[in-house]
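Dear colleague,

Please find below the sequence and the structure that I am handing over to you. My account of what was found follows directly after them.

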Amino acid sequence: MSDAPRETRTIEIEKYDAPAGGWGSMKSLVEISAREKIGPEALKELTRQNKPDGFACVSCAWGKPAHPHVAEFCENGAKATAWELTSYRVTPAFFQQHTVSELITWKDFDLEQAGRLTHPLKYDGATDKYVACSWDEAFAGIGAKLKTYDPTKVIFYASGRASLETSYMYGLMARMYGSQNLPDSSNMCHETTSVGLKSAIGSPVGTIHLDDYEKCDAIFYFGQNPGVNSPRFLHPLRDCAKRGVEIVVFNPLKERGLEKFQDPQNPLEMVSGKSTPIASQYHQVKTGGDVAAIMGMCKYLIEADDTAQRIDGLPVLDHEFLNAHTNGFDAFAEVARKTEWSAIEHESGLSRTDIEAAAKVYAKSKAVIAVYGMGLTQHVGGIDNVHMLVNLMLLRGNIGKPGAGMGPVRGHSNVQGQRTVGITEKPELAPLDILAEQYGFEPPRDLGWDTVAACEAVLEGTAQAFVGLGGNFVRAIPDHGAMEPKWRGLDLTVHIATKLNRSHLLPGKTCYLLPCLGRIETDMQATGPQSVSIEDSFSRIYGSKGKATPAAETLLSEPAILAGIAKATLAPNPKLDWDAWVGDYAKVRDAIEVTYPDLFARFNDRMFTAGGFWKGVPAAHREWKTESGKAEINIPQALNATGFDEAEGRFRLMTLRSNDQFNTTVYGYHDRFRGVKGTRDIVFMNRKDMARMGLADGDDVDLVGDAGDNADRRVNKQRVVEYSIPEGCIGAYYPECNILMPVAHHARESHVPAAKSVPVRIERTR
Ligand SMILES: Nc1nc2c(c(=O)[nH]1)N[C@H]1C(S)=C(S)[C@@H](COP(=O)(O)OP(=O)(O)OC[C@H]3O[C@@H](n4cnc5c(=O)[nH]c(N)nc54)[C@H](O)[C@@H]3O)O[C@H]1N2
Ligand SMILES: Nc1nc2c(c(=O)[nH]1)N[C@H]1C(S)=C(S)[C@@H](COP(=O)(O)OP(=O)(O)OC[C@H]3O[C@@H](n4cnc5c(=O)[nH]c(N)nc54)[C@H](O)[C@@H]3O)O[C@H]1N2
Ligand SMILES: [Mo]
């Protein structure tokens with residue numbers, strides 16, 4: 001049996017009334033710092049977080065202002081820092097004590113809590129243990145194996161944390177090897193944005209700047225949880241609320257950070273107990289019901305405009321903008337007029353009065369920002385969601401002017417940047433001709449595997465090997481029950497990681513686990529300490545300098561590990577000196593500049609610009625890089641984004657993040673804002689659904705997959721928590737519930753797993 005540190009956890013579920021931020025966040029910080037046993041030196045690192053000469057926070061991708069606060073960090077950024085600076089270590093001795101079959105019974109929390117990995121390791125099938133090996137042995141072993149495969153059957157996954165320098169090297173290495181199978185965590189996340197915004201406005205990313213929040217007069221806020229996932233956003237949101245900006249929220253759950261905020265860095269607010277209310281309207285839309293809600297607003301606006309035109313009143317829509325800049329308005333307007341309110345109300349779960357109230361705010365506002373996150377992207381109809389939000393914004397010219405635009409909130413700290421520098425399976429998104437010329441090789445030109453295609457290839461047995469640059473791929477993807485056994489059939493698995501996670505415990509026939517430096521740590525190379533760079537949600541690029549003492553002397557940096565693998569795998573190339581790059585990352589940045597001269601001009605000179613330098617987004621100045629040369633107004637395929645029919649007993653499950661996790665990294669068992677303490681095995685349910693099923697708060701139920709494909713998918717014994725959530729919708733935590741999601745249940749076009757509307761049934765636990 002496992003001797004993982006067994007916590008004695010007391011489970012408490014009670015309503016939490018305190019604001020986001022405040023004393024709760026200070027307490028939570030003190031707890032994690034104590035638990036990770038981090039000393040004063042490490043705590044000092046926090047003051048360097050997100051500063052022009054400091055390191056870019058390893059948590060989320062929120063912007064770093066040019067004039068940062070004294071402490072430009074948040075509760076969850078600080079947790080991420082403490083997590084990386086932990087004083088616990090996972091040494092080869094740890095693996096002598098624990099077999100892989102034992103470790104796989106540990107919980108996600110216990111695995112990562114064991115500490116930082118210190119030595120390169122190889123899996124030994126005979127003893128079922130990881131054993132230490134030298135870096136040279138690891139590189140030679142990996143290179144020898146990779147040389148035997150069909151490169152088009154090898155997966156090179158990246159989780160969105162690695163720097164621009166590392167990511168550029170990774171994409172290049174994969175292509176020189178012959179593989180365009182470069183799935184990224186973005187494939188499970190904002191790929192819906194990359195595809196949806198690209199097809200609608202010609203730019204695949206957000207169009208606003210951070211300071212647009214100082215200029216807007218309304219914010220329409222969909223499916224993103226700032227109190228947990230981007231807490232530094234709470235500061236501009238609070239400032240907006242104080243300025244009288246109307247913040248109209250659409251979310252099935254009442255998320256605390258969108259309701260009220262108390263600034264933990266403001267002594268006055270902390271002492272007086274005052275907090276700022278955030279949302280001016282809060283609409284608890286049904287999961288997957290946003291298309292209908294937005295259609296309702298568009299219908300109201302278009303019909304109000306029709307009336308105004310008839311009676312010679314003031315136009316509600318910006319016709320000048322629509323005529324000059326958009327394509328498809330008339331057809332869309334016809335659909336909006338014809339859509340019945342009864343259908344809109346049914347699909348959104350909102351009343352006509354509420355939707356009209358939201359539309360009225362939109363109609364009177366001069367500059368509107370549309371914010372969204374996983375609540376829109378992770379649905380079968382995710383593209384419809386994004387398109388509808390764009391449509392709403394285009395009706396009054398709210399893209400490409402000060403204080404207005406699209407504000408997707410990205411996930412991992414460099415997830416957007418990885419795509420910028422070539423981690424993509426789509427050949428048209430990488431400058432292949434330039435790479436061919438720059439390095440004298442013929443890059444693969446065929447479409448590679450994205451995350452879903454990679455999963456399918458593993459399930460079918462066509463994939464031969466997997467290399468992971470960070471992340472916890474097998475835990476983040478859907479359908480664990482089917483995937484995990486297949487995973488062990490891979491011939492080679494290689495993980496570059498900082499901490500142990502479940503993906504590492506599903507070794508292929510040959511498996512290496514390669515520990516790397518984190519971004520907070522000093523990265524000493526031949527020419528001295530190195531800096532790296534990342535890109536945030538606002539397309540701004542920053543330098544980041546790690547200064548903490550590395551977790552172990554045996555660690556290598558990510559660029560050094562990639563160079564080791566590349567040299568052992570690829571034929572020498574006179575145009576590329578991997579060692580010189582590792583010795584001086586400025587040389588990698590020079591190479592990036594050659595590949596992307598427009599985006600990265602004078603990269604090395606500009607990387608420490610306060611507030612970052614902007615890579616440029618054409619749609620931000622109304623240059624529409626679409627086929628028609630205009631912004632496209634798209635008609636949605638359906639009013640409902642779930643992609644499945646309603647049926648008796650079928651619920652829409654949204655998989656959620658708690659306040660105590662970063663993706664698959666579980667920091668603890670509390671979800672403070674939602675009032676859950678000591679457990680993750682819960683399901684949030686509406687009172688009426690509970691009554692209908694004869695369930696009481698605290699009862700145990702099993703969640704059973706209801707995708708109609710006859711596979712048995714189930715999560716046992718979840719405690720029912722009565723919660724304010726629309727009828728027919730339930731919520732439970734990711735990644736534990738990923739087992740309920742079929743691989744095939746993903747967004748059309750973008751292939752993002754549809755983690756926010758999974759069809760499930762509920763059975764009482766026997
Ligand atoms: N501390 C911390 N920070 C993080 C992360 C983390 O796990 N922890 N993860 C990082 C990553 S990779 C990402 S992508 C982001 C994720 O950040 P978010 O985009 O905030 O993602 P989620 O927490 O998954 O869910 C977002 C919200 O969508 C709502 N929602 C669910 N379904 C619907 C729907 O159909 N419609 C609407 N309107 N809303 C819906 C949920 O109630 C929830 O409030 O955060 C990043 N930052
Ligand atoms: N059901 C459901 N599934 C989801 C989601 C959901 O909302 N619901 N969200 C999806 C989203 S948005 C995302 S982005 C994915 C996340 O998927 P991933 O990005 O694959 O997962 P993470 O949990 O972020 O990865 C954590 C691991 O990264 C490693 N790591 C941390 N820091 C570093 C570093 O600096 N370098 C290296 N090399 N490794 C490091 C550690 O070993 C740690 O265990 O999950 C997706 N899956
Ligand atoms: Mo993400």
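In this predicted model, Arg540 has Trp614 of strand β23 as its bridge partner. Arg540 belongs to strand β22, which covers residues 540-545 and is joined to β23 by two bridges, the two strands running antiparallel. Both strands are part of an open sheet of three, ordered β21-β22-β23, in which the pairing is antiparallel. The edges of that sheet are formed by β21 (531-535) and β23 (613-614), each of which pairs on one side only. Helix α8, residues 164-177, lies across β21 and β22 and runs at about 80° to β21.

A second sheet deserves a description of its own. Five strands make up this open sheet in the order β12-β9-β8-β14-β15, and their pairing is parallel. Why is one side of β12 and of β15 left without a neighbour in the sheet? Each of these strands, β12 (281-283) and β15 (405-408), stands at an edge with a single partner strand, so one side of each has no neighbour there. On average, neighbouring strands of this sheet are turned by 15° against each other, direction ignored. At one end of the order, strand β14 (residues 368-372) pairs with β15 in the parallel sense over four bridges. Within that pairing, Ile369 has Gly405 of β15 as its bridge partner.

Two helices should be mentioned together with this sheet. Helix α18 (residues 352-364) packs on the sheet and touches β8 (218-222), β9 (246-250), β12 and β14. The direction of α18 makes about 135° with that of β12. Helix α20, residues 382-395, lies across β8, β14 and β15, and runs at about 170° to β14.

Turning to the domains, the assignment for the protein gives domain 1 as 141-189 + 414-517 + 526-601, domain 2 as 191-409 and domain 3 as 651-764. The centres of domain 1 and domain 3, taken over C-alpha atoms, are separated by 32 Å. Between these two domains, 19 residues of domain 1 are in contact with 15 residues of domain 3.

As regards open spaces, the largest pocket has a volume of about 900 Å³. It is lined by 29 residues, of which Lys198, Pro204, Leu429, Leu599 and Lys615 are the closest to its centre. Two elements, α9 (191-201) and α21 (415-420), give two or more residues to the lining of this pocket. The largest share, five residues, comes from α9. By class, the lining of the largest pocket consists of eleven nonpolar, nine polar and nine charged residues. Domain 1 and domain 2 each supply at least three residues to the lining of this pocket.

Enclosed spaces were searched for as well. Over the whole structure, five cavities of 30 Å³ or more are found. The second largest cavity has a volume of about 110 Å³. Among the 16 residues that line this cavity, Asn50, Lys51, Pro52, Tyr542 and Gly543 are the closest to its centre. Tyr542 and Gly543 fall within the range of strand β22, residues 540-545. The lining of the second largest cavity is made up of nine nonpolar, five polar and two charged residues.

Finally, two points of backbone geometry may be worth your attention when you inspect the model. Most residues other than glycine have a negative phi, and most peptide bonds are trans. Which peptide bond is cis, with omega near 5°? The bond in question leads from Tyr734 to Pro735. Pro735 is found in the loop between β32 (729-733) and β33 (758-764). Asp128, a residue other than glycine, has a positive phi, near 60°. The place of Asp128 is the loop between β5 (121-124) and β6 (129-132).

With kind regards

Notes: Residues numbered from 1 in each chain as written. Chains lettered and ligands numbered in written order. Predicted model: local features only at pLDDT ≥ 70, side-chain atom pairs only at ≥ 80, totals over all residues. Heavy atoms only, no water. 1 Å grid on protein atoms, 1.4 Å probe; cavity = no way out; pocket = protein on both sides within 12 Å on 5 of 7 lines; lining within 4 Å. Points joined across faces, edges and corners; volume = space filled by probe spheres on them. Nonpolar A, V, L, I, M, F, W, Y, C, P; charged D, E, K, R; others polar. Pairing = 2+ DSSP bridges. Contact = heavy atoms within 4.5 Å. Axes fitted to C-alpha atoms, helices over the stretch in contact; angles between N-to-C directions. Domains from an automatic or database assignment.
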